[in-house]
Each structure stands twice: as C-alpha cells, then as structure tokens.
Amino acid sequence: MNQSAKSEILTTDGIPLKISLKRAERLNKIRAFALVLPLALFIIITFAFPILSMLLRSVDDKQINTVFPKTFEVYKQWDRKDLPPEELYASMFHEILSAEKLQIGKASTRMNYSKSGWKSLLKKSKRKFKKIKEGPYKEQMIKADKRWGQIEFWKALGEMVDPITFGYYLNAVDLKYDSDKNVIQQPENRRVYNSTWIKTLKVSVLVTLFTLLLGYPVAYLLATLPLKLSNLLMIFVLLPFWTSLLVRTVSWIVILMQKGIFNSILVWGGVIADENRMQLIYNQTGTLIAMTQILLPFMVLPLYSVMKTIPPTYMRAALNLGAKPMHAFYRVYFPQSVPGISAGGLLVFVLAIGYFITPALVGGKDGQLIGHWIAYHLKTSLNWGLCSALGGILLVVMLVLYWVYNKVVGIENIKLG
Amino acid sequence: MALPTYTTTGQKIGYYGFLAYCAMVFFFLIAPIFIIVPLSFNQSPFFGFTEGMLRLDPDAFSLRWYEQMLGICREDAIITTVCTNKWMLGTVNSFIIGISATILATTLGTVAALGLSRPHMPFKGAIMALLISPMIVPLIITAAGVFFFYAKMGLIGTYTGLILAHTALGTPFVVITVTATLTGFDTNLIRASQSLGGDQIRTFFKVIMPLILPGVISGALFAFITSFDEVVVVLFLGSVEQVTIPRQMWAGIRQEISPVILCMATCLVILSIFLLTTVELLRRRSERLRGIRR
C-alpha cells in the first residue's frame, strides 16, 4: 500500500494519474485547436496565401524564360560587345515564330519594362518573320526591322536571363540592372519612387507628430475629468472613429476648397483678399490636414487608456512637495504616459504609411503616397511585378513596425471602442 | 473640475488656455462631420453656404438632392448633374455584401475566439498574429494580393469574391471583441451547467452565449462597418455591377461633384451615430454582466 502510493498515483480505472491528465490535456488542446481551425484555414486561403504569392510574383521572371528558353541559353555565351552571332538571331527567330501570340504578348510587355520599343518590335516581327523562309537570319531580321541591328535592344535582355529577379525591387527604389546584371541608378527622368518613399515617410512622421500634439492634451483632459463628463466628451473622439472615411474626406474637400468654407470665413473676416484665396487642398497640405483629423482618434484612444491607469495622487504628491505644476507634470506625469505615446504613435504611423484613399482624393499631384503607385501599377500600367515589389517593401516595413509594437504594447492588447 | 482656491492667476490662465486648446481639438474632430449636414439641404448645386442659407431663407433649402439620391428625377430640375439610380443600387449592394460578410465573419470569429480563450490553446501567439493580420496589413496591399489570387480563381467582379474578401477583413474585429469579453469568463459556469446535465450545445446556447453576446454583437457591428465603409478592395475587385455606397462616393468625388454625395454622407453620419450608441450600450451591458462595473 505504502509502496504503491510512493511509486504512482492511480485514477479509479487503474491508469496512472499522470498519463490520464496528459490525455485529458491533449484532448483539450485538440478541441481548442479544432475551434480555431476553420477561421485559421479561411484566413490562410483567402488572405495569407494571396499575399505570399504576391511576394513570389515580385521576384518571378519565369514567364519570359519559358517563351525564349533557347535564346537565353545562347544569350549567356554572347560577349555583349558587338552585335550577337547568327546563332542567337536564329534561335530568337524560331522562338518568336513558334510561340503563341498570347505568350509573346506577355513576354514583350516584360521586355518593354527594360527597354521601351520591344513590344512593337515583337509584334511587327511576328508578322514579318512569316515571309522569311530560311537562314541565315541575321541580315533578313535586320532588314525586316532595323531595331534588330541595334545592340541596345539585345543588351536590354541581359537582366532577364535568370528565372528569379530582384529587378523589380531595384526598380522600386529607383535602381536597375544593366545588361551585365550590375546594379545602376535609373536615368534621371525615371526616378520617381525614392522621392515618393521619402514623401510617404515625411507625411507619416508629420501626421504622427500632429496627432500627438493635438491628441495628448485631449487624452489628458479625458483621463482626469470625472467619469460622467469624460464619457460624454469621449463621443467627440469615438464618433469620427465610427464615421465613414469617405464622409470625412468629402467634408474636408467641402471645407478646404478654394471656394470652400474655410477660405470664405477668412475672406469674410477680412484676413485675406477674395482674389488670393489659399490653395489648401489637392496638394500635400490637404493630405496632411485630412489625415491628421482622420487618424487622431487612433492616437487619443491608446493615450487615454494608458493615462487612465496613472493615479492622480502622484501629481498631487509632487505639487505638495513643492514642485511647480509644469515641473511636476514633466517629471512625474509625462514619463508614465510614455507607453501611451509609443503605442499611439506607432499605430498612427503604421496606418498613415499605407494610406491610399484620402491622399488619392485630396492629395492632388504632390500629395500622393506610395499607395498611389501600387494602385497605378495594379490597374493602369499592369506592371504587376513592380506593383508586388512596392507592396513587398511596404509590407516588410509594416511587419517590422508591428514587431516593435508587439514588443512595446503587445498585439493582443489592442482595444476597440 | 473646479480649481482649488490657492491657484495663482498664472496657473488659472494656463488651465483655461489648456481647456480652450482641448475645445479647439474637439471642434477640429467633430465639425467636419456635421458641416455637411446643412449643406446637403442646399438648393443650389454648389458645395458652399449660399447667402440665402445664412439668412435662413426657406427658399434656399430644398430636398432635391435627396430626391436624386433616391433615384427620383424631377423633369423641371435644372440639369446640372446626372440623375441616376446608382445610389440606391449602391445601397442595396452595400447591405447585401455587408450583411453576408458580417454573418460569415461573426460565425467564424466567435468560434475561433472560443478556442483561443481556452487555457490549453497551443501556439496561441502565432495563431493570434495570423488571425489579426488582415487588420494590420494596409488595404492597398491586401487588395493587390487578393486581386492576383482572385484573377486566377475567376472571382473578379463577383459578389462571392467581395464577400469573401470583406469577411477576411472583418474577422479580426470579431476575434478581438469576443476574446475581450471572454477574459475573466468564469469557466465554473460551464462545469455547473454540465454537472446539471446540460450537453455541449445546450451549455453553449444557454450559458456561454448570453454572457458573450454583447461582445459578439459589437464585433459583428465592427465587421459590418468595415465592410460597409471599405472601398479599396471594391475598387480593384468589383466590376461595374458591384457599385457600393463608398465606391459611388469615390466615383462622385473624382468625376461629377454633386451635392448628392453630401446627402449620402449625411445618411452615413446618422448610421454611425446609431452604431456608436449601440456599441456603447452593449459595452456597458457586458461590463455589468461580467461584474466589472455595477
């Protein structure tokens, strides 16, 4: 009796308690997991997988290599000093003729990104090459279109020889490959992305700063007022939070237009003359003002929830010990509110950096952020590789910021309403 | 909050200055939302207050833009803007997509939150990160990724595609609100129910559900407003057929700026007031039920 109790505790059906407990725990784990599984699968299929495959797309250069497999094999041996040898012309000729029209179209779009003119050249060649019966092809191809005799066109193919490319990522930061796959800068007239990235960062930093300047005092007031009053004032913060983004964007257009309310009040008050009404919208100023107002609740709410936990007695104690109010605030209250500042700041910054709708509507020409280019390449230029690369960079920036956010605040501490 | 009697004049000025600053910020937050309401009753097709409106002349106000929004086209109306029934079509579409996505998101999200709140959940952090990710990734990236994927699946320009995408966007809100309601949930209640002979399903509907219901409903409202207000995904995935309210507003701002936009905006403001009130009442009820506040 004594011995068995020492060795093992048994449950009523004779199984050791340890094993029985483990089994029950495993069953519980499986049950919990089974509950989460449907949503996890749903998110993986409709959300995570599409985004991952978008990231793959950003480095994918397979398509062109499947249309011109032999040409690129031969291409690798070419020294790129003089016009390519007959062999390269011949394989190009045969592969243009044998490929399907749709595939040629896709490939030529890709080739056009590296040098414009390829698309029309291939389209024309596909038609004209049918008349060429036999080799040697070099002379006849150049006769069909003189662009075949220009070395720049051949050199432009150099960046596509591998099925995986970082070319789109380079393009996304205003760099590119030359024909020997060296990284070089884009020509001056094609450098647009770096300035947009910088502008995106600048606008996000400014919006974060403005929301902090406006939000901190308000959060402080809400946290220190009696609960009944602060709950009432909280509506001022929560109502914008619940109001449609487009509604708020429309209101800013109405207010900031040249003939709009703000300018009219200034004219009526005699501050400015009627003929020099200010241009406050359809530029960066408009983007800044509208985004600050739209994102302000995201700053106030985290600040408020942190400030609510700071006991008011600390400030009173500091004042009691002879500190001036400003000094007491700066030395006692402010350090305790820093977690709220980092939480709200990160949240606003992260939201601002990916903004698209508001800048698109009120930003005009110089108020567009990086989201504009992603949308442009997705729907207008159809350069999906570049679109994915821009998205990929933005995504990495976001993930790093969220990792920081998680370290600082904890992702599960996000509160709503 | 009355100031103590010993405050100096300087401190008083400082304090009232601070109050004035806060009042300005509150004004900055709320004024843009309400400024559009009177403007939507404008008689003229402009986006500003006319002199008549400032004099409160009844002739300066009219309901003509609301009529246009409802698709009623008066023959004698001055043709300044195109009168279409797109707004009503958009409203119907918005509700179809919004409600379907909400039902899906609430079901999936609530079940998942129940699993996540169990003490034995393995890999909790990683799974939570995955489930919340649709809320974190910028909409423009989501739209791009989903666009490529749906193009392959033939879901571009279909209601199914939009509903699935909006469901994914709405679930994080349901997961967050329901998990929040479940923290501090007394698991003894479940044991009590089971010991009294209630099976799993009965326990769920009679014991668990009433307690987490406020969280479920506010999660559902968040999911609904997310779908109802979403425009980026609709812009890229929807065809001409799937006009929703936000998409029509987007098109309205970019092409023909007409006061009908302001009418729809006014309706949306009323909707947001209604939703805010409901969520706030639910939150209080939930706190009372769970004994946080009496």
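**Chain A and its contact with chain B**

Q: How much of chain A is made up of buried residues?
A: In this predicted model, buried residues account for 37% of the 417 residues in chain A.

Q: And what is the secondary structure of chain A?
A: Chain A comes to 20 helices and two strands.

Q: What about its radius of gyration, against that of a compact globule?
A: Chain A has a radius of gyration of 32 Å, whereas a compact globule of 417 residues would have one near 22 Å. Along its principal axes, the C-alpha trace of chain A spans about 100 × 100 × 35 Å.

Q: Which domains is chain A divided into?
A: The division gives domain 1, which covers 2-57, then domain 2, covering 62-165, and domain 3, covering 193-413.

Q: What separates the centres of domain 1 and domain 2 of chain A?
A: Taken over C-alpha atoms, the centres of those two domains of chain A are separated by 57 Å.

Q: Within chain A, what share of contacts join residues at least 24 apart?
A: If you take the contacts in chain A between residues at least 6 apart in sequence, 66% of them join residues that are at least 24 apart.

Q: Switching to chain B, how many residues does each chain put into the contact?
A: Chain A gives 73 residues to the contact, and chain B gives 76 residues.

Q: Which helix gives the largest share on the chain A side?
A: Helix H2 of chain A, residues 17-57, does, with 20 residues on the side that touches chain B.

Q: And what classes of residue are on that side?
A: The side of chain A that touches chain B has 52 nonpolar residues, along with 14 polar and seven charged ones.

Key
Residues are numbered from 1 along each chain as its sequence is written. Chains are lettered from A and ligands numbered from 1 in the order in which they are written. This is a predicted model: local features need pLDDT of at least 70, side-chain atom pairs count only at pLDDT 80 or more; totals for chains, interfaces and linings use all residues. Two residues are in contact if their C-beta atoms, placed from the backbone, lie within 7 Å. Helices (H or I, at least four residues) and strands (E, at least two) are DSSP runs, numbered from the N terminus. Ala, Val, Leu, Ile, Met, Phe, Trp, Tyr, Cys and Pro count as nonpolar, Asp, Glu, Lys and Arg as charged, and the others, Gly among them, as polar. The radius of gyration is taken over C-alpha atoms; the globule rule is 2.2 Å times the number of residues to the power 0.38. A residue is buried if 20 or more other C-beta atoms lie within 10 Å of its own, exposed if 12 or fewer, and partly exposed in between; C-beta atoms are placed from the backbone. Domain bounds come from an automatic or database domain assignment.
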